[in-house]
Amino acid sequence: MAQTQVETDNAPVLEIRGLTQRFGGLTAVNDFNVKLMPGELSGLIGPNGAGKTTVFNLVSGFYQPSEGQILIDGVPTAGLKPHKVTALGVARTFQNIRLWNDMTVLDNIRVAQHYRLGYGLFHAVARSKHYQEREQEIAQEAAELLEVFDLQRFANEFPKNLPYGTQRKLEIARALSSHPKLLLLDEPAAGLNSADIKELIRLVRWIHGKFDVTIWMIEHHMDVMMELCTQIKVIDFGQTIAEGDPDKVRNDPAVMTAYLGDDVI
Amino acid sequence: MLQRYSVHLTLALSGGLLVYLADQEYLSLYTMSVLMFMGVNVILSASLNLVNGYMGEFSCGHAGFMCVGAYVSSLLGVWLFAKDKVFGAALLNPEYALYAFPFVILAGGVAAALAGLLVAVPSYKTRGDYLAIITIAANYIIISAIENIGAIGGSRGFMGMKRLVNSMEDIIELPWMPIWVFIFTVFSIWLIRRYVSSTFGKGVSAICQDEVAAEIMSVNTNKMKTITFMLSSGLAGIAGGLFAYILGYVNPGSFNIMKSTEVLVMVYLGGMGSLTGSVLSAILFTFMLEGFRFIIPLANDFAHQVHLIPDGYDISPVWRWVLIPLLLIVLMQFRPEGIMGNRELGDIFPRLKKFYRFK
């Protein structure tokens with residue numbers, strides 16, 4: 001297959017071709033296309049119910065698409081379970097934070113390395129040398145990650161006891177713990193106050209510089225999108241209605257209509 | 001040094017003491033069998049805790065897997081080492097019975113683990129109440145299947161295991177059953193502890209707390225569920241095998257839903273996701289069950305003496321099956337998290353951690 005050949009320099013991290021998702025009679029996503037190049041930081045916006053999260057759920061393997069193809073680094077994800085997609089290099093956060101609340105912060109970070117633990121039940125029970133080395137590396141890496149995120153003082157806390165903004169941060173740290181090439185952020189600013197949002201903008205920009213990761217985010221706070229993203233795609237009723245840089249998207253009449261209705265203009 | 005070996009030392013001492021007391025016959029046969037059932041119950045509650053506590057599923061067919069283990073190890077042991085009317089003469093020289101015994105028990109565990117697939121595979125798509133119904137169905141399937149195999153006794157049961165126990169004692173004059181029960185109990189706890197405390201095994205807790213997040217964060221949820229269900233039912237099988245050899249007799253009726261419920265009670269009494277809790281509650285539960293046997297007749301006599309109840313009527317010890325569930329209701333009302341909550345011994349007494357390390 002010619003299309004799966006990876007050109008190392010200019011291959012997109014994520015390529016979606018003709019993606020369509022139907023739930024019964026409802027077409028949630030219709031003929032959606034996108035190409036994300038390595039290192040890009042782009043956005044996906046649209047009114048409520050436009051199908052944004054559905055696109056993320058499709059990319060992370062949570063749904064199998066009705067039609068179309070999703071390629072991660074040139075590898076088609078059709079038929080792969082979500083954990084396999086994650087192993088290919090996709091990590092995500094959720095609109096409503098989904099941390100493991102009865103596990104310590106450190107364990108949250110550790111378990112996200114599950115696909116590359118490199119040992120199984122036997123080594124775990126035998127406490128072999130291999131197990132001990134790996135556990136040490138895992139713990140070390142988790143501790144380092146917590147440190148760069150300035151979360152190390154919470155290492156033995158339970159996430160449910162942390163402030164909301166910190167939980168958001170931890171969820172992003174957990175996602176990065178799986179070494180993604182593509183990080184999907186689903187409304188990271190939801191529920192944050194304006195001070196937290198400023199902090200989040202700084203955080204996302206810092207992650208983008210530090211971790212060599214392509215970021216694709218959904219967000220309702222336009223100021224966040226305008227400040228961070230180089231490319232924005234706008235969808236409504238599952239269909240792409242506009243795309244381009246933030247300024248172009250902001251002044252697009254189709255976007256205005258989608259958000260505000262016909263009669264405003 | 002002390003921290004490192006204190007657990008080993010304690011186990012060796014208590015095991016040694018137990019064997020010594022049994023060997024010198026300081027403990028009556030009855031006391032010994034109660035102690036052995038305690039061990040069996042510890043394995044049962046700890047292994048069910050793996051599914052109900054750590055993984056957050058609700059399995060109420062644990063006795064079914066126990067039944068598989070009990071029958072497979074009984075049949076295998078008798079077939080290999082004892083003269084029996086079903087299998088005829090012993091296949092191997094009974095002199096090897098002692099060395100083969102752990103493998104016989106383990107074989108029962110393996111068979112029970114395979115039977116665990118009966119629940120593990122549906123668990124990929126089913127959760128909660130629906131999976132609970134599947135576990136009950138699995139329990140019934142296993143019991144009914146065995147009841148309908150006439151060759152191994154059907155509902156009348158199967159016996160002959162005592163001969164194997166006797167030939168073990170012929171080889172080396174020691175109370176072998178208490179020894180094996182002790183070894184397998186420690187083995188089970190050790191196995192579960194190591195599994196759930198590894199990063200690998202913490203994937204199970206991740207599934208419990210948020211299965212979607214677990215799958216998205218690269219935990220192979222189907223694989224983890226399979227391993228956990230098979231481990232849990234396999235250990236139940238080991239407990240079943242020991243149970244069969246302690247009694248010397250098995251019948252399918254003793255592994256019905258009542259037995260499963262008993263194990264559930266122990267898990268909830270001890271606390272979900274707490275191994276210490278499971279061990280404590282299994283011991284406490286066995287103790288209560290036996291204790292009421294003595295307390296109820298005493299209470300009966302006392303009540304007669306103070307003319308609280310009419311002369312013609314006696315309180316039978318069967319009333320303990322009213323009292324224990326009643327205790328459960330009280331417990332759920334006032335301490336729903338069980339004795340230990342989801343904490344371990346070291347979480348409650350952090351200072352103790354200086355003196356032991358259990359891994």
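Questions on a predicted two-chain model

User: Over how many bridges do strands E9 and E10 of chain A pair?
Analyst: In this predicted model, strand E9 of chain A and strand E10 (residues 239-244) of chain A run antiparallel to each other where they pair. One of the facing pairs is Ile235(A), which stands opposite Thr240(A) in E10(A). The number of bridges between E9(A) and E10(A) is 5.

User: Which residue in the turn between E9(A) and E10(A) has a positive phi?
Analyst: E9(A) and E10(A) form a hairpin, and 2 residues lie between the two strands. In that turn a positive phi of about 45° is found at Phe237(A).

User: Are the residues on the two faces of E9(A) buried or exposed?
Analyst: Strand E9 of chain A spans residues 231-236, and 6 of its 6 residues count as buried, so that the strand is mostly covered. On one side stand Gln231(A), Lys233(A) and Ile235(A), and on the other stand Ile232(A), Val234(A) and Asp236(A). In a regular strand the side chains alternate between the two faces of the sheet. For both faces of E9(A), the answer is buried.

User: Which residue of E9(A) is the bridge partner of Leu44(A)?
Analyst: E3(A) is joined to E9(A) by 4 bridges, and these two strands run parallel. Within that pairing, the partner of Leu44(A) in E9(A) is Lys233(A).

User: Why is strand E8 of chain A described as largely enclosed by the rest of the structure?
Analyst: Strand E8 of chain A covers residues 214-218. Thr214(A), Trp216(A) and Ile218(A) point one way from the strand, while Ile215(A) and Met217(A) point the other way, and all are buried. E8(A) is largely enclosed because the number of its residues that are buried is 5 of the 5.

User: Which residue of E8(A) is the bridge partner of Leu41(A)?
Analyst: Strand E3 of chain A, made of residues 41-45, runs parallel to E8(A), and 4 bridges join the two. In this pairing Leu41(A) has as its partner in E8(A) the residue Ile215(A).

User: Through which helix does the chain cross from E7(A) to E8(A)?
Analyst: Strand E7 of chain A, residues 182-186, is joined to E8(A) by 5 bridges in a parallel arrangement, and Leu185(A) stands opposite Met217(A) there. The connection between these strands is a right-handed β-α-β crossover. The helix that carries the chain across, residues 194-210 of chain A, is H7.

User: Which strands of chain A are the edge strands of the open sheet with the order E2-E1-E4-E5?
Analyst: This sheet has 4 strands, and the pairing is antiparallel. Inside the order, strand E1 (residues 14-23) pairs with strand E4 (residues 67-72) over 5 bridges, and Arg17(A) stands opposite Gln69(A) in E4(A). The edge strands each pair on one side only, and they are E2 (26-36) and E5 (75-76).

User: How far apart do the C-alpha centres of domain 1 and domain 2 of chain A lie?
Analyst: The domain assignment places residues 2-100 and 178-264 of chain A in domain 1, and residues 103-157 in domain 2. Across their contact, 6 residues of domain 1 meet 5 residues of domain 2, and the side belonging to domain 1 divides into 3 nonpolar, 3 polar and no charged residues. The C-alpha centres of the two domains are separated by 29 Å.

User: Which helix of chain A gives the most to the side that touches chain B?
Analyst: The contact between the chains takes 28 residues from chain A and 23 residues from chain B. Helices H2 (82-88), H3 (105-111), H4 (121-126) and H5 (129-148) of chain A each supply at least two residues to this side. The residues of chain A that take part divide into 13 nonpolar, 7 polar and 8 charged. With 4 residues, the helix that gives the most is H2(A).

User: Is Ser188(B) buried or exposed?
Analyst: Ser188(B) has its place in helix H8 (residues 176-197) of chain B. Beyond its neighbours within four places in sequence, its contacts are Ile43(B), Ala46(B), Ser47(B), Leu235(B) and Ile238(B). Because 23 other C-beta atoms lie within 10 Å of its own, Ser188(B) is buried.

Methods:
Residues are numbered from 1 along each chain as its sequence is written. Chains are lettered from A and ligands numbered from 1 in the order in which they are written. This is a predicted model: local features need pLDDT of at least 70, side-chain atom pairs count only at pLDDT 80 or more; totals for chains, interfaces and linings use all residues. Domain bounds come from an automatic or database domain assignment. Two residues are in contact if their C-beta atoms, placed from the backbone, lie within 7 Å. Ala, Val, Leu, Ile, Met, Phe, Trp, Tyr, Cys and Pro count as nonpolar, Asp, Glu, Lys and Arg as charged, and the others, Gly among them, as polar. A residue is buried if 20 or more other C-beta atoms lie within 10 Å of its own, exposed if 12 or fewer, and partly exposed in between; C-beta atoms are placed from the backbone. Two strands pair if DSSP finds at least two bridges between them. A crossover is right-handed if, with the strands pointing away from the viewer, the path from the first strand over the helix to the second runs clockwise.
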